[in-house]
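Here are a few notes to go with your first look at this one. Have the viewer open and follow along point by point.

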Amino acid sequence: MSHDYAHSLNPVPARQHSPLRRRLPMPAYEPPPKYSEFLQRMLVRARESLGEEFRGITADGIVRPGLFPVRKTGVSLEPIWRAARDFLATLDLRQQRQVSFNIQSDVWRSWSNVHPFLMRHGLGLHELTAAQREAALALVSSALSASGFETARNVMKLNEHACELTGLTEEYSEWYYWLSILGTPSAFEPWGWQFDGHHLIINCFILGDQLVLTPQFMGSEPVFAESGKYAGTQVFRAEEAVGLAMMRGLSPEQQAKGIIGTLLPGEVLTAAYNDNVRIAYEGIRYDDLSSKQQGVLRDTHFSWIGAHDDHGPFYYRIYSPVVLIEFDHQPGIVYANDEPTRDHIHTVVRTPNGNDYGKDLLRQHYARHDHSHPRSAHRLGKE
């Protein structure tokens, strides 16, 4: 499901939109005086989730062991930890304390897609100088492909476009995103970083030369800027098009296997505070596909809900023991439509069976190495 597919697509044509939604302002950079009922429920769910021991996403509540061995990949991740050190070097002591967390901190799991302030942490890019901001973005770029970073930046630019459309400067901005560093950037000790804000959450865990980039949540409303500072910016056309191509390429009998419902979920199933959710395997299996169809899917189960015409909204899921991808059209927040449209998209990538946030790699690392003393052989890089 490559971002590269997007570059062969033409821009989205102009279309009619619903009116803008009218509601109470909810600032992005500080807690509001009063939360809406929806956000109050979300906070309750957040506290419940963080109170649970992390297990990971599973098909049946049982974690399958042995899927994520600690091993050498042969791919140097030096550019990432150097970019992290370069970023930290731009900060004063107060900012360094604000951005830094223990590698086992619960801030890993305290992310949220919604734009109002719930439990942000780390340093907000809106608080940084231009040079510090560039260093922060260089860190994010160092761990992503060129097209992946382009998509991330376009999500941020479309958040600015949401501000242009609504005039809500306290809610939407290209820079209302928070960066946190977990652990100490190192060539051999576990560490990572998290980028967290509206429609864009990237968790990056590093152990030696192994990298885990999940949970990763990207979305946007709108998905195309028809005007303004970033006119022409668009996201997720590739993911939308390749999902449709997959569904339309199935025979009627195969489509019947792939369809798992008629009503789109209100949110992707593995959004914030769903780290331990159980999702059974559904849809059509990889081995029920032709060789050409398998070339499009590449994973175990493909599931579909909704339309597969040129305009209707839909949801699809690709799911195996080691990867979970969700794509969903959403109702409006910027716009006042209560039914899903293609103007609002959420996507998420997860690592099931306990390795979101690199948790399983970290567990194995601590089981193998002595961390009881700052001058242990492992901490000195001698084992």
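1. Does Phe236 count as buried or exposed? Before the answer, a reminder that this is a predicted model. Phe236 comes out as buried, because its relative accessibility is 4%, and the cut-off for buried is under 20%. You'll find Phe236 in the loop between β7 and α6. Have a look at its backbone too: phi is positive, about 70 degrees, although Phe236 is not a glycine.

2. Tyr273 is worth a visit after that. This residue sits in the loop between β8 (259-261) and β9 (284-285). Tyr273 has a positive phi of about 70 degrees and is not a glycine either. With a relative accessibility of 2%, Tyr273 counts as buried.

3. Now for the cis peptide bonds. One of them joins Thr214 and Pro215, with omega at about -5 degrees. Pro215 belongs to the loop between β6 (210-212) and β7. Another cis bond links Glu221 to Pro222, and omega is about -5 degrees there. Pro222 is placed in the loop between β7 and α6, which is also where Phe236 lies.

4. Follow that loop into α6, residues 237-248. The helix has 12 residues and covers 16 Å from its first C-alpha to its last, close to the 16 Å expected at 1.5 Å a residue. Plenty to click on here: the buried residues of α6 are Ala238, Glu239, Glu240, Val242, Gly243, Leu244, Met246 and Met247. Note that Glu239 and Glu240 are on that list.

5. Is there any enclosed empty space? The count comes to one cavity of 30 Å³ or more, and the volume of the largest cavity is about 40 Å³. Its lining is made up of Val155, Leu158, Asn159, Ala162, His198, His199, Gly219, Ser220 and Glu221. Two elements, α5 (146-166) and β7 (216-220), each give two or more residues to that lining. The largest share, four residues, comes from α5. By type, the lining splits into three nonpolar residues, five polar and one charged. Glu221 turns up here as a lining residue as well as in the cis bond to Pro222.

6. A quick word on cysteines. How many disulfides does a search of the whole structure find? The search comes back with zero. As for individual cysteines, Cys163 is buried at a relative accessible area of 10%, and Cys204 is buried at 0%.

7. I've kept strand β12, residues 324-330, for the end. Seven of its seven residues are buried, so β12 is largely enclosed by the rest of the structure. In a regular strand, side chains alternate between the two faces of the sheet. In β12, Leu324, Glu326, Asp328 and Gln330 point one way, while Ile325, Phe327 and His329 point the other way, and all are buried.

8. What pairs with β12? Strand β11 (residues 314-319) does, in the antiparallel sense and over five bridges. Arg317 stands opposite Glu326 in this pairing, and the two strands form a hairpin with four residues between them. Strand β13 (residues 341-350) also pairs with β12, again antiparallel, over seven bridges. There, Ile345 in β13 is the bridge partner of His329.

Note on methods. Residues numbered from 1 in each chain as written. Predicted model: local features only at pLDDT ≥ 70, side-chain atom pairs only at ≥ 80, totals over all residues. Heavy atoms only, no water. Buried < 20%, exposed > 50% of the residue type's maximum accessible area, 1.4 Å probe, protein only. Pairing = 2+ DSSP bridges. Expected span 1.5 Å × (residues − 1). 1 Å grid on protein atoms, 1.4 Å probe; cavity = no way out; pocket = protein on both sides within 12 Å on 5 of 7 lines; lining within 4 Å. Points joined across faces, edges and corners; volume = space filled by probe spheres on them. Nonpolar A, V, L, I, M, F, W, Y, C, P; charged D, E, K, R; others polar. Disulfide = S-S within 2.5 Å.
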